[in-house]
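Open the model in your viewer and keep the selection tool ready. The tour moves from the whole chain to a few chosen spots.

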Amino acid sequence: MSDAWWSSLGDERERLLARLRALLGEHTGLKFPPERWNNIERAVELVGRQQDFERARDWFDWFLSSPPTLAHLEPLITHLTIGETYFFRDKPLFKALRERLLPALVAQRRDGSRCLRLWSAGCSTGEEPYSIAITLQRALPDWRTWHISVLATDINPQSLAKATAGRYDNWSFRGGLPQPHETEFERIGAKSFAVAPHVREMVRFAQLNLAEGMYPGAGFEALDIILCRNVLMYLDPSRARAAIQKLANALVDGGWLVLAAVESSLVDIPGLQAVRLEDLILYQKRNVLAAIVPPPKLNLVPLPAMPAIPAVPPAPQFVAPRVAEPVVVPQPAPVVEAAHVDAEVLIEKARRSADHGRLAEAAEYCAAAIATDKLNPEWTDLHASILLEQGATEAAEKALKRTLYLDQNRVLTHVKLANLLWSEARRRTEGRRHFRNALELLDERDEQEPLSDTDGMTVAQLRTLIQTAIAHDVAGTYGTSA
């Protein structure tokens, strides 16, 4: 940065920059921790010089003399919200769209409305929504006879301009060009491609601030799938949670919300059920019955609750989701003869049954396997997770404690038990003890080691969440709302 450009502010520099940060946070929802303050200073100088202001004083006088509307802030937003994206980023997600989510929707709608609605919220320069459109057209050969909408929004007008133009260089294809690609991209130079017209026509771009935008509403309702990845992490936590609620309201019953792994612990909405689809964690809008019995043919595994990222304040909600009145779903009882069936086979059947939502059946297979080997902590932990999903919290607590009796070094078992205990205020001290046990175990592991069954959460990330929860509990701010 140029000291000469800033010199006119003198001692007022910090005060004016603090006011600017407050305005940006208020009108965009973006959070600016101290490590990002230099980004704002660079953006201010760049925008000021582009607008022909020779001194920072003159720019601030002009800027603060007008109402701080979103349009007024747009030049700064352009430099502060540059997204990292490329075509078909996150291959497991697009594989899931192609092979699981879209086929299920198509089968459901083919003889009915023949309507599909998807939204890329925070689309940046457009690679994601165009990737969605290509995936749709490849998965649905007769797509022209359907009513398909791919909505794409972003707060950054410069990014939207590039997205609308649909022209990209090799950097946007660093994940690899889809093969074959000749019908969907046109080469326009040695290192550039244009998105084919039939792909561009499927996508509609619009400017939207997720922190303040009016949605759901016209064009933003009855959506089947919403992708909002690596966007909410930049918002103030209270704004991010509010945005998640609005995104959930925009989904149809059974619709899917896709977040980045680092954002998943912001979700604390009863109507959104976390589910595992192979290597992904997604969120489905479901009623109570659907939360107990996931739709068939998707290999979905409901997940136990993980620690929530707190606002400061409020405190994180380490509370495992419950079903107030567990729904008992009649299911054919499996014929299990533990003495004559290999226990590993029983466990595999338990996992498969759980994958398809047959929780009572899964619990029976698991119990039969445990009867053959009562000293296997992995099996008792699996049994506890199934019991949690059934709403059988007392039995789940016993199973979790049995697991820790067999192996007290299971970090995530301590976390699951702490979640369960903290749902009752009188037992938080006991829950805090299990969180501290988890912290001690994490101290023995590498900071960047990914933890299994957490969608890539690292040791360092889990430690931070637990430490924040304990701090709030000690301070007496646990459970306060934003």
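**The whole protein**

Start with everything shown. Among contacts between residues at least 6 apart in sequence, 71% join residues at least 24 apart. Keep in mind that this is a predicted model. Now colour by secondary structure. The protein has 18 helices and eleven strands. Next, colour by burial. Of the 482 residues, 50% are buried.

**First stop: α2 and α4**

Select residues 13-28 for helix α2, then add residues 56-63 for helix α4. How do the two helices lie? Their axes come within 12 Å and cross at roughly 40 degrees. That angle makes α2 oblique to α4. The crossing of α2 past α4 is left-handed.

Now show side chains where the helices touch. On the α2 side, pick Leu-16, Leu-17, Leu-20 and Leu-23. Across from them, α4 brings Arg-57, Trp-59, Phe-60 and Phe-63. By class, this contact has seven nonpolar residues, no polar ones and one charged.

**Second stop: α14 and α15**

Hide those and move along the chain. Select residues 377-390, helix α14, and residues 393-406, helix α15. Their axes are 8 Å apart, and the helices pack at an angle of about 160 degrees. Angles over 145 degrees count as roughly antiparallel, so α14 is roughly antiparallel to α15. Here, too, look at the handedness: α14 passes α15 in a left-handed crossing.

Show the side chains again. From α14, select Pro-377, Thr-380, Asp-381, Ala-384, Leu-387 and Leu-388. They meet Ala-395, Ala-396, Ala-399, Leu-400, Arg-402, Thr-403 and Leu-406 in α15. The contact of α14 with α15 divides into nine nonpolar, two polar and two charged residues.

**Third stop: Lys-416**

Keep Asp-381 on screen; it is one of the α14 residues that meet α15. Then add residues 411-421, which form helix α16. Within α16, pick Lys-416. Which side chain does the side chain of Lys-416 touch in a polar contact? It is that of Asp-381, at 2.9 Å.

One last check on this residue. Is Lys-416 buried or exposed? Its relative accessible area is 10%. The cut-off for buried is under 20%, so Lys-416 counts as buried.

To finish, show Lys-416 and Asp-381 together with α14 and α15. In that view, Asp-381 takes part in the contact with α15 and also pairs with Lys-416 of α16.

Conventions: Residues are numbered from 1 along each chain as its sequence is written. This is a predicted model: local features need pLDDT of at least 70, side-chain atom pairs count only at pLDDT 80 or more; totals for chains, interfaces and linings use all residues. Side-chain values use heavy atoms; hydrogens and water are left out. Helices (H or I, at least four residues) and strands (E, at least two) are DSSP runs, numbered from the N terminus. Buried means under 20% relative accessible area, exposed over 50%, partly exposed in between (1.4 Å probe, protein chains only). A polar contact is a pair of N or O atoms within 3.5 Å; within protein, one must be able to donate a hydrogen and the other to accept it, and residues adjacent in sequence count only if both atoms are side-chain atoms. Axes are lines fitted to C-alpha atoms, for helices over the stretch in contact, and angles run from 0 to 180 degrees between N-to-C directions. Angles under 35 degrees count as roughly parallel, over 145 as roughly antiparallel, 65 to 115 as roughly perpendicular and the rest as oblique. A crossing is left-handed if the near helix is turned anticlockwise from the far one by less than a right angle, and right-handed if clockwise. Contact means heavy atoms within 4.5 Å. Ala, Val, Leu, Ile, Met, Phe, Trp, Tyr, Cys and Pro count as nonpolar, Asp, Glu, Lys and Arg as charged, and the others, Gly among them, as polar.
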